Amino acid sequence: MAVCGSVIGLLFEAVLMKMLAPVLPAALPPSGIWPWIWSMGSLVVISLLVGARPYKQLLATQPLRVLRNDVVANVWPLRWFIPVMLVIVIGLLAALVGGSTLLWSLLAGVVVLSLLLGAIGWGSLLLLRRVSVGKLPLRLAINRLIRQPWVTLSQLAAFSMSFMLLALLLVLRGDLLDRWQQQLPPDSPNYFLLNITKDQVTQVTDFLRQHQAEPETFYPIVRVRLTGINQQVATDIIKPDNAAGEAVNRELNLTWMQGLPDHNPLVAGDGPPKAGEVSIDDGLAGRLGVKIGDTLTFSGDTQEFSAKISSLRKVDWDSLRPNFYFIFPPGALDAQPQSWLTSFRYHGDGKTITQLNRQFPTLSLLDIGSILKQVGQVLQQVSRALEVMVILVMLCGGLLLLAQIQVGMRQRRQELIVYRTLGASKKLLRSTLWCEFAVLGLVAGIAAAVGAEAALWILQRKVFDFPWEPNMILWWAVPLVSALSLSLCGGWMGVRLLRGRALFRQYNS
């Protein structure tokens, strides 16, 4: 098993490295022998944990067990053995990754998510119970699932989590790059010009117009540091590890203008700012913990100056247009050294850009188009790598599916004997098995769809800052696939109990 797992791991690593080769360094450091030691050691420890209890039960089995099925050795009850196993496994993970906050957050998220998915599935089962069901096999299947709440909840949580992760991987694989590209405005600039002097503004404008590239607004730039918040030293209030630490530990680009940009709508306050006032990005204001009326102090190359916050703006950082944390009124920054910045959109040949660099050698040209192209290539490679992860998750999910179903087969066999004793036909038993796993899969799929949609909302709104769009395919595809998968796997394994004569020999005896 260890050799097979190692070979499979090497194959997946080779496939991933080949897919990600364009975005990885040419030479990667060797992995060393520690991953092999950790994997082999973990396999041995987990195998011992899994096999210790059955082996102990086998040693404690009495000879009378051959004649009486009710004589069972009560060795290491599961209510104590399972927590001990979990503690050991979590301890191995903590030793491997260093017990970081990410590990505990991930484990807590898995537990909470499993409980929520299980609760959603259980609520769906209770709703199905209230629905008047005419077919006897479906009624028997629903009643059996509800009669065993803990077993059903554990299966719902495991199946829902598996189908949810698979759905997320499939959606992100195809949707991440497309949604990111759709967020880019079609007329967004692909070049930025920086370090323009005031005398060069007219010359640069004329040059770009001669080559069919209309420049956008020229913005004055002043580089200063944020040194004070309400007459207190900024670095004393905002620590380096704080979310706003980057704003007080580096130079910021300030600008002034007559009015506020159209792509910066006001969130609060009055704009544009007047003398002695400043408009601030609402995101930065939240991280700094400041509000309208607070006073900010800046330190430039020539002098220190202060301004009162008059308005908060919603800055669209995805517009690929020049954006600023702070905007001052005209004349407020005249005492500071200034340079100018502009952007333009151009899709001609590279000769014009080369000529621009030769004519204005002191300017800094930022090719946003090339950067976005490289980012797109990286996302494409990551999307292809996700395909491998989808295959791996499907394989692991299939094994988990079979293992979870196999656990309850012994108890189902006893129930089938009871049903058969009461006169149930083989057709009724077969239909009940199929309905039970189909209902379990349908409910797990509904919970998985709810969880996947919630996770997509968090990713789109909080991580990628996309406008949320519900994925309607999830709501019918995930329940349908999960119901079919469970009914096929579980129903096939259950019907095997009805084959042959083992079941009916025990019934006839």
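1. Let's start with helix α5, which covers residues 136-147 of this predicted model. The helix has twelve residues and reaches 16 Å from its first C-alpha to its last, close to the 16 Å expected at 1.5 Å a residue. Its buried residues are P137, A141, I142, R144, L145 and I146. You may like to note that an arginine, R144, is on that buried list.

2. Helix α11 (residues 350-359) is a good one to look at down its axis. T352, I353 and L356 are buried there. Viewed that way, the buried residues of α11 fall within an arc of 100°, so they line one face of the helix. The general background is familiar: an α-helix has 3.6 residues a turn, so residues three or four places apart point the same way. On the face of α11 turned away from the buried side you will find the exposed residues K351 and R358.

3. What do the buried residues of α11 pack against? Their partners are two strands that come later or earlier in the numbering, β10 (339-344) and β11 (364-367), along with β1 (191-196) and helix α7 (200-210).

4. Now to the salt bridges, of which the count comes to two. One joins E251 to R223, with the closest N and O atoms 3.0 Å apart. E251 sits in the loop between α9 (245-248) and β4 (252-256), while R223 belongs to strand β2 (residues 219-229), so the pair ties together parts that are 28 residues apart in sequence. Both ends are partly exposed: E251 has 32% relative accessibility, and R223 has 42%.

5. The other salt bridge links D294 with K291, and here the closest N and O atoms are 3.6 Å apart. Is each partner buried or exposed? D294 is buried, with a relative accessible area of 9%, whereas K291 counts as exposed at 54%.

6. On the surface, please have a look at the nonpolar patch of about 760 Å² made by W434, I473, W476, L480, L484, L488 and W492. Helix α15 (residues 472-498) gives the most to this patch, with six residues. One of the patch residues, L484, has its place in α15. L484 is partly exposed, at a relative accessible area of 46%; this qualifies for the patch because the cut-off is over 30%.

7. A pair worth displaying together is R430 and W492. R430 is found in helix α14 (residues 426-463) and is partly exposed, with a relative accessible area of 31%. W492 is one of the residues that make the nonpolar patch. In sequence R430 and W492 are 62 residues apart, and in space they are 9.6 Å apart, C-alpha to C-alpha.

8. Finally, two backbone angles deserve a glance. As a reminder, most residues other than glycine have a negative phi. Q212, although not a glycine, has a positive phi of about 55°. Q212 lies in the loop between α7 and β2, and this residue is exposed, with a relative accessible area of 69%.

9. Where is the companion case, N230? N230 is found in the loop between β2 and β3 (232-233). Its phi is near 55°, again a positive value in a residue other than glycine. At 33% relative accessibility, N230 counts as partly exposed.

Notes
Residues are numbered from 1 along each chain as its sequence is written. This is a predicted model: local features need pLDDT of at least 70, side-chain atom pairs count only at pLDDT 80 or more; totals for chains, interfaces and linings use all residues. Side-chain values use heavy atoms; hydrogens and water are left out. Patches are made of residues with over 30% relative accessible area and no salt bridge: like charges are joined within 9 Å, nonpolar side chains (Val, Leu, Ile, Met, Phe, Trp, Tyr) within 5 Å. Accessible areas come from the Shrake-Rupley method with a 1.4 Å probe; for residues, only the protein chains shown count as cover. A salt bridge is a side-chain nitrogen of Lys or Arg within 4 Å of a carboxyl oxygen of Asp or Glu. Helices (H or I, at least four residues) and strands (E, at least two) are DSSP runs, numbered from the N terminus. Buried means under 20% relative accessible area, exposed over 50%, partly exposed in between (1.4 Å probe, protein chains only). The arc is that of the directions from the helix axis to the C-beta atoms. Contact means heavy atoms within 4.5 Å. The expected span of a helix is 1.5 Å times one less than its number of residues.
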